[in-house]
Structure formats: structure tokens, C-alpha cells
Amino acid sequence: MSVKQAIKVERLNKSFGKGDTFVDVIDDASFVVNKGELVALVAPSGAGKTTLLMMLGCVEDPNSGTIWLGDEKVYEDKWLTKETRKIRREKIGFIFQAHYLIPFLNIIDNLTLLPQADHVDEKKAQKKARDLLAYFDIADKEKAMPSQLSGGQNQRAAIARALVNEPEIILADEPTAALDSQRSLDVINMLKKIAQEQNVAIIMVTHDERMLPHCDRVMKIENKHVILDKI
Ligand SMILES: Nc1ncnc2c1ncn2[C@@H]1O[C@H](COP(=O)(O)OP(=O)(O)OP(=O)(O)O)[C@@H](O)[C@H]1O
Ligand SMILES: [Mg+2]
């Protein structure tokens with residue numbers, strides 16, 4: 001596998017349910033996302049965007065196919081490791097529509113919770129978290145609670161949290177949905193900078209066509225088929 005590849009998917013299939021409740025979501029998807037790329041994922045509601053991200057993030061089980069994350073084949077008709085949680089922790093950062101910071105922990109504790117759970121040296125985790133908060137221009141909010149931050153500041157803190165474990169891949173499900181267009185643009189430019197500077201592959205769900213020119217490629221789900229194009 002090429003050193004450039006962050007995600008490679010071959011003949012991936014996903015459906016839910018049986019009989020009356022059967023829904024076919026993804027049919028025979030094959031694509032490659034490279035390191036350093038910001039890919040916009042655009043498709044109508046219910047088309048399978050979240051389902052696709054959750055399969056790439058080792059959260060949702062595909063029905064069949066192959067998934068590589070970096071140079072590791074993680075799925076081939078079944079998970080190739082019992083430790084999907086470990087893969088998730090080591091390789092993936094998640095960002096969601098709502099920031100999902102833990103309301104009763106201050107910002108720095110929100111950022112260091114995961115590394116601590118992972119037995120990373122606490123001082124090291126704190127330094128990394130502080131560097132990220134400075135990078136996102138919210139260093140002064142370290143001791144504040146999420147309720148004391150604005151929507152944009154909380155979303156920046158959530159992006160910082162997704163970066164704490166230095167993931168190779170960031171999966172972002174409508175990270176800008178709760179923000180106004182200027183703040184959305186700020187977040188997208190930030191994600192683009194992260195992709196380029198830290199060589200991270202980012203797939204970001206968006207419903208906002210105005211964000212597309214700021215991304216490197218666009219992924220669509222049309223009729224259960226995943227299509228990856230230049231902008
Ligand atoms: N756990 C589940 N069980 C059964 N069906 C599911 C499950 N999760 C998703 N689905 C179905 O799979 C399809 C794709 O859902 P998904 O959440 O991936 O869509 P989406 O593109 O993220 O939509 P939205 O833009 O509204 O978030 C939908 O028809 C949904 O009802
Ligand atoms: Mg969704």
C-alpha cells in the first residue's frame with residue numbers, strides 16, 4: 001500500500017435489518033483518501049454519510065468488503081482484530097455536529113481525559129492539550145467550563161480534543177452545522193490547515209455547498225454508490 005494512503009476501501013457493503021426493515025445503504029464502495037487531504041462528504045439526509053464514517057471509524061460493522069487504515073488492513077469481511085477500540089484510539093479523531101464536550105469537566109480536562117484513560121503521561125498530555133488550545137486561540141479558556149464558551153469556541157475545543165492523540169484520520173460529521181457561515185469557514189480553514197500541516201486525512205460531512213471550494217475533493221453517495229471527485 002502506498003505511503004500516501006490514509007484510508008483505502010474496497011467493495012464495501014452495508015445494509016441494515018431484514019425482511020420488512022431491510023435498508024441497503026452502501027453498495028460496493030471502493031475509494032482511497034490520501035494523507036493531507038480534506039474531503040467533503042455530501043449527500044442527502046438518510047443517504048448513509050454517518051454510517052460510512054462510522055464504518056471507517058471501526059464503530060459500525062460493514063456487511064462485507066475491505067478497509068485499510070494507514071498501512072493496516074483492519075477489516076476483511078470481519079474485523080481483523082478484537083481490539084477495534086485500540087485502532088480507534090490510536091488512529092482516529094472524531095468530531096460531531098454538537099461538540100459533545102463533557103459539561104462538568106473544564107476545557108483542559110476534556111482534552112486530556114482520553115490520553116489519561118490511555119495511560120499517556122499526564123504532563124505530556126497536558127502540554128499537548130495546551131499547545132492545541134493556543135493553536136486554536138482559546139488558551140485563556142483552559143479552566144473554563146464548556147457552558148462558558150461560545151459555540152465556535154466549543155467547536156474549536158472539540159477539534160483540539162480530536163487532535164490530542166495525534167490521529168492519522170479525522171472523521172467529522174457536520175462539524176459546522178451549529179455555526180454561522182463565518183465561523184463555519186473558520187473551522188473549515190482550520191481543518192484544511194491541520195490536514196496539510198499534520199498530514200492528516202479528514203473526511204467532513206457538510207450540507208453547505210459554500211464550503212466545497214475550501215476542500216480538496218468531494219465524496220458523494222448517490223443511489224448507494226460512493227463517488228469521489230475533484231472539486
Ligand atoms: N442502526 C440502524 N438500524 C437501522 N437502520 C439504520 C441504522 N442506522 C442508520 N440506518 C438507516 O441507514 C440509512 C442511512 O443513515 P445515515 O444516518 O447514515 O444517513 P445520513 O446520510 O448520515 O443522514 P443525515 O444527513 O440525516 O445525518 C437511513 O435509511 C437510516 O434509517
Ligand atoms: Mg448523519
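**Reading a predicted fold**

Q: In strand E8, which residue is the bridge partner of Val-39?
A: The partner is Ile-203. Strands (E, at least two residues) and helices (H or I, at least four) are DSSP runs numbered from the N terminus. The model is predicted: local features need pLDDT of at least 70, side-chain atom pairs count only at pLDDT 80 or more, and totals for chains, interfaces and linings use all residues. Residues are numbered from 1 along each chain as its sequence is written, while chains are lettered from A and ligands numbered from 1 in the order in which they are written.

Q: How many bridges join E3 to E8?
A: Two strands pair if DSSP finds at least two bridges between them. E3 (residues 38-42) and E8 (residues 201-205) are joined by four, and they run parallel. E3 also pairs with E9 (residues 217-222), again in the parallel sense and over four bridges. There, Val-42 of E3 has Lys-220 of E9 as its bridge partner.

Q: Which residues of E3 are buried on each side?
A: In a regular strand the side chains alternate between the two faces of the sheet. A residue is buried if 20 or more other C-beta atoms, placed from the backbone, lie within 10 Å of its own, exposed if 12 or fewer, and partly exposed in between. Leu-38, Ala-40 and Val-42 are buried on one side of E3, Val-39 and Leu-41 on the other. That makes five of five residues buried.

Q: Why is helix H1 described as largely enclosed?
A: Six of its eight residues are buried, so the rest of the structure largely encloses H1. They are Lys-49, Thr-51, Leu-52, Leu-53, Met-55 and Leu-56. Just after H1 comes Cys-58, with a positive phi of about 60°.

Q: What surrounds ligand 1?
A: The shell holds residues whose C-beta atom, placed from the backbone, lies within 6 Å of the ligand. Among them are Phe-16, Gly-17, Ser-45, Gly-48, Lys-49 and Thr-50. Strand E2 (23-34) and helix H1 (49-56) each give two or more residues. H1 gives the most, three.

Q: Which residues of helix H4 are buried, and which are exposed on the face turned away?
A: Ala-125, Ala-129, Leu-132 and Leu-133 are buried. These residues cover an arc of only 100° around the axis (taken from the directions from the helix axis to the C-beta atoms), which puts them on the same side of H4. The face turned away from the buried side carries the exposed residues Lys-123, Lys-124 and Lys-127. After H4 comes Asp-137, whose phi is positive, near 65°.
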